[in-house]
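Trainee: Could you take me through one part of this structure at close range? I would like to know what surrounds it.

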Amino acid sequence: MARDVQITFDCADPAALSAFWAEVLGYRVQDPPEGFGSWDEALEAMGVPPERRNDASALLGPNGSGPRLFFQRVPEGKRAKNRVHLDVRAAPGLEGDARMAALEAEAERLVSRGATRLERHEPAPPLGTGHIVMADPEGNEFCLD
């Protein structure tokens, strides 16, 4: 039986990091519960104090596609390289110079939104198509692939 998958990010600022990833992936913040016009309204009704209202955030893909992304506040910072990371498919169907140019353009766009460029890996045929390693605003590595 197939299972739904949620990808969870431990972070210091769930609202900011979810906004970054919404921009990267074209996702949207999950709507508040039915009957509420905003998350602030819902959290107020639930009795969540203002200082706890950025403890979590969730994103959904367009039309419900893709995995749900969940961002949860944790007290500790990132300590080591990710063992699991996202590959953002930013150049589907492209090869060689055209592929790397598309990845470079996306890297520049994401840097302007708070990402950090870490390293570029050149194409190495037959299997290596080239990619760029990036980090989100809290240092989580991901690849533009």
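Mentor: Start at Gly 26, just after helix H1, where the backbone takes a positive phi of about 75 degrees. Helices are DSSP runs of H or I with at least four residues, strands are runs of E with at least two, and both are numbered from the N terminus.

Some ground rules come next. This is a predicted model, in which local features need pLDDT of at least 70, side-chain atom pairs count only at pLDDT 80 or more, and totals for chains, interfaces and linings use all residues. Residues are numbered from 1 along each chain as its sequence is written, and side-chain values use heavy atoms, with hydrogens and water left out.

Now step back into H1. Take its length. The expected span is 1.5 Å times one less than the number of residues. For the 12 residues of H1 that gives 16 Å, and the end C-alpha atoms are 16 Å apart, so the two agree.

Next, which side chains are hidden? Buried means under 20% relative accessible area, exposed means over 50%, and partly exposed lies in between (1.4 Å probe, protein chains only). In H1 the buried residues are Pro 14, Leu 17, Ser 18, Phe 20, Trp 21, Ala 22 and Val 24. They pack against E1, E3, E4, E5, H3 and E8. Contact here means heavy atoms within 4.5 Å.

H1 also lies across E1, E3 and E4, and it runs at about 155 degrees to E4. Axes are lines fitted to C-alpha atoms, for helices over the stretch in contact, and angles run from 0 to 180 degrees between N-to-C directions.

Look at the strands underneath. An open sheet of 4 strands has the order E1-E4-E3-E2, with mixed pairing. E1 and strand E2 (28–29) stand at the edges with a single partner strand each, so one side of each has no neighbour in the sheet. Two strands pair if DSSP finds at least two bridges between them. E2 and strand E3 (residues 56–60) have 2 bridges and pair in the antiparallel sense. Val 29 stands opposite Leu 59 in E3.

Turn to the rings. Rings of Phe, Tyr and Trp (its six-membered ring) pair if their centres lie within 6.5 Å; planes under 30 degrees apart count as stacked, over 60 as edge-to-face, and the rest as tilted. The whole structure has 5 aromatic pairs. One of them is stacked: Phe 9 and Phe 71, at 4.8 Å centre to centre with 20 degrees between the planes. Phe 9 lies in strand E1 and Phe 71 in strand E4, so this pair ties together parts 62 residues apart in sequence. Phe 9 is buried at a relative accessible area of 8%. Phe 71 is buried too, at 0%. Phe 20 and Trp 21 make an edge-to-face pair, 5.5 Å centre to centre and 90 degrees between the planes. Both Phe 20 and Trp 21 are buried. A single aromatic cluster takes in Phe 9, Phe 20, Trp 21, Phe 71 and Phe 142.

Now the core. In soluble globular proteins, nonpolar side chains tend to be buried together. A nonpolar core is a set of buried Ala, Val, Leu, Ile, Met, Phe, Trp, Tyr and Cys residues joined through side-chain atoms within 4.5 Å. The largest one here has 23 residues, and Trp 21, Phe 71, Met 134, Phe 142 and Leu 144 have the most contacts inside it. Elements giving two or more residues include strand E1 (6–11), helix H1 (14–25), helix H3 (96–111) and E8. H1 provides the largest share, 5 residues.

Finish on strand E8 (residues 141–144). Both of its faces are covered: Glu 141 and Cys 143 on one side, and Phe 142 and Leu 144 on the other, are all buried. Strand E5 (residues 86–88) pairs with E8 in the parallel sense over 3 bridges. Here Val 88 has Leu 144 as its bridge partner. Strand E7 (residues 131–135) runs antiparallel to E8, joined by 4 bridges. In that pairing, Val 133 stands opposite Cys 143. E7 and E8 form a hairpin with 5 residues between them, and Gly 139 in the turn has a positive phi of about 90 degrees.

One residue links this strand back to the helix. Glu 106 belongs to helix H3. Glu 106 is buried, with a relative accessible area of 15%. Leaving out residues up to four places away in sequence, Glu 106 touches Val 24, Ala 90 and Leu 144.
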